[in-house]
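Biologist: I would like to learn how to read a pocket and a sheet in a model. Please begin with the pocket.

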Amino acid sequence: SYNAGTGGSTSVKLPLLFKDNSGFNTQFSVQNAGSDDVVVNVAYSDGTNATAATIKPGAAKVYDQRTETHPQAIFAAEVTSDGEPILAAALQESSSIIFAYTGAATAGTTNPVFPLVNANNANYITGIQVQNAGTQDTDVTLSYTPSAAGTACTETQTVSAGDSATFALAAFSGNPGSEITTDCANGVRFVGSAQATGNSTSQLLVGLVNQLLPGTNGEAYGSFSSDDATSKVVMPLIMDRNSNYFTGINVMNVGSSSTTVNCSFTDTTYTISQSLAPGEAL
């Protein structure tokens, strides 16, 4: 699933794209949300570009990375238009799993937040892709805060201008590599949240989270900006014991002081209430 967009933008970022990456490939669709024809260009972070295309109002064009030439298996992209607003949605596909996500039609934020991060959690793992939408390289630090399980830790990587880097996946596995500085525990269960607490050159960033049970299922969501946070959040669909489906919600405090979060549900008297410190999730 992916979120519908409103309005669109002349620049859309796609933090995570694949070509033959451990059986995964991607494709994305770009829609003209304007009222006139639009010329669309795609610049990939691996140095390649797609041929410019003209898209009619309301129409869309699909870009399939399987049919393109790329020197890397993992990369990012920026899609730009010559004036009309555009929107994009991407699919990440293997022979058994499909993820989907909405392209970031915003400029980005210097401190993106990620309300749900799983690591070593009943075999679920998380990969966080952070894309540098700025013009300078920057050292990005993500701070991980546990909610249901785990210990607080940090991870730092250099993200080149226009490129993206994968966080969380290796940091919690015990094999982070020389490009990653982290104190996250090796192989320990973690369920919590993350936020960018360091950004050495204050570049605008966008992010994407993949939650994966290898070989079985997965889901993706885009990062959030704390500037867009509100004191009330509405969840349109919650399930419990619905043909064996159920819902989990992580609610994150992105403010600067502690706050009490109250959750109520329709058609039941059940409620949840908990005080959350800054950066903590329920």
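Modeller: The second largest pocket has a lining of 16 residues, and those nearest its centre are F18, N21, L169, N210 and L212. A pocket is an open set of points on a 1 Å grid over the protein atoms alone where a 1.4 Å probe fits, with protein on both sides within 12 Å along at least five of seven lines; lining residues have an atom within 4 Å of a point. This is a predicted model, where local features need pLDDT of at least 70, side-chain atom pairs count only at pLDDT 80 or more, and totals for chains, interfaces and linings use all residues. Residues are numbered from 1 along each chain as its sequence is written, and side-chain values use heavy atoms, without hydrogens and water.

Biologist: Which elements give two or more residues to the lining of the second largest pocket?

Modeller: They are β1 (11-18), β10 (125-132) and β16 (205-213), strands being DSSP runs of E with at least two residues, numbered from the N terminus. The largest share, 5 residues, comes from β10.

Biologist: How many residues of that lining are nonpolar, polar or charged?

Modeller: The lining has 9 nonpolar residues, 7 polar and no charged; Gly counts as polar.

Biologist: And how is a sheet read?

Modeller: Strands of a sheet pair through backbone hydrogen bonds, either parallel or antiparallel. Here an open sheet of 4 strands runs in the order β5-β2-β7-β8 with antiparallel pairing, where a pair needs at least two DSSP bridges. Its edge strands, β5 (60-64) and β8 (98-102), each pair on one side only.

Biologist: Over how many bridges do β7 and β8 pair?

Modeller: Strand β7 (residues 86-93) pairs with β8 over 5 bridges, and A90 stands opposite Y101 in β8.
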